[in-house]
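Visitor: I am new to this structure. Please show it to me, and then let us go through its empty spaces and one of its helices.

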Amino acid sequence: MTETLLPTTVVGSYPQPDWLVDRAVLAQNLVPRVRMKQMWRVAEDALEQAQDDATLVAIRDMERAGIDIVTDGEIRRESYSNRFALALDGVDLDNPARTMGRAGKETLVPRVIGPIRRREAVELRDVEFLVANTDRRTKITLPGPFTLSQQAADEHYRDEEAMAMDYAVAVNEEAKALKRAGVDVIQFDEPWMQARPEAAARFGVKVLNRALEGIEGDTVVHLCFGYAAVVKDKPSGYSFLPQLAECRAAQISIEAAQPRLDLGVLDALPGKTIMLGVLDLGDAAVETPEIVAERIRAALRRLPAERLVVAPDCGMKYLPRERAFGKLKAMVEGAAIVRRELAG
């Protein structure tokens, strides 16, 4: 935890500028599993510099909004997972398979044709750039091993748990390298635990714990129902969440605002710090600070302030930048209201 009571953060992503990405292409290919080079508006020989500039914009927006724990906005990523997933050995990048996506539509996914191995650092420069360009606490996100295993076509292992375990080893190696580079918080994104609870019940926590093994400092696991841009109608309860009481992560990140989540579920996670979604990203209206404050107060009826981190429901990648910034600013101001109340 941080020393700040009710610290504010983002789940991970922030809107990429229109001069960097073609939003029409992105809208047609939400959450790609394979490469989507046509998304970038900038030529490849200038892309890294452009991504650096856009990352600085994201960091500064978070700082201006008053966010306590900032990320790089995942500006360099085509999706939250494919940047890491496609950098591993054992994956055929040129001949993707077709499978059913989380939203019930056919999607292209990488084919696993050999042992999954991490051959080099993937997000190391991302962390180094982030840490060098802010004086706030920092967080980096990685796709979790269970989710990675559900976003690939297994043509090698013929055993999804074995494949997920090798993903866990690769993620663990990457996370340790990122911690050595100075990032404060490591977050694993595991939305597919909610999407496929039966498989998650069999081996999800097991592979997640392997990915978390030996990682010092704050660790988070994020579960959600999917981006608001993809999933419009969300259930009011998780199909897989209490099981995470057995995972090694100190914090569990959940969305609660858009689905109007029954916060009674927090009782099943004793001892865990909760990163609570208090911004409804499916609502075009920017919340008032008082709306955010009331959502925070509702959580405080279930757990002490020392175990609460304030965040949006999910990543903000698909929002207009002006709306994303407005929501973050309201979130920070809402948290400040409740801090003052707690101080008496």
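**Cavity, pockets and a helix**

Guide: A search of the whole structure finds one cavity of 30 Å³ or more. This is a predicted model, in which local features need pLDDT of at least 70, side-chain atom pairs count only at pLDDT 80 or more, and totals for chains, interfaces and linings use all residues. Residues are numbered from 1 along each chain as its sequence is written, and side-chain values use heavy atoms, with hydrogens and water left out.

Visitor: How many charged residues line the largest cavity?

Guide: A cavity is a set of points on a 1 Å grid over the protein atoms alone where a 1.4 Å probe fits but cannot get out, and lining residues have an atom within 4 Å of a point. Thr9, Ile69, Lys139, Val185, Val220, Gln251, Met275 and Val309 line the largest cavity. Asp, Glu, Lys and Arg count as charged, Ala, Val, Leu, Ile, Met, Phe, Trp, Tyr, Cys and Pro as nonpolar, and the others, Gly among them, as polar. By class the lining has five nonpolar, two polar and, as asked, one charged.

Visitor: Which element gives the most to the lining of the largest pocket?

Guide: A pocket is an open set of points with protein on both sides within 12 Å along at least five of seven lines, and the largest has a volume (the space filled by probe spheres set on the points, which are joined across faces, edges and corners) of about 720 Å³. Of the 35 residues that line this pocket, the closest to its centre are Leu30, Val31, Pro32, Arg33 and Thr107. Helix H1 (23-28) and strand S3 (106-117) each supply at least two lining residues; helices (H or I, at least four residues) and strands (E, at least two) are DSSP runs, numbered from the N terminus. With three residues, the element that gives the most is S3.

Visitor: Which helix supplies the largest share of the lining of the second largest pocket?

Guide: Arg35, Leu47, Gln51, Arg76 and Arg83 lie nearest the centre of this pocket, among 23 lining residues. Helix H2 (44-65), helix H3 (82-85) and helix H4 (124-132) each supply at least two of the lining residues. The largest share, four residues, comes from H2.

Visitor: What distance separates the end C-alpha atoms of helix H6?

Guide: The expected span of a helix is 1.5 Å times one less than its number of residues. Helix H6 (residues 160-180) has 21 residues and therefore should span 30 Å. The distance between its end C-alpha atoms agrees, at 30 Å.
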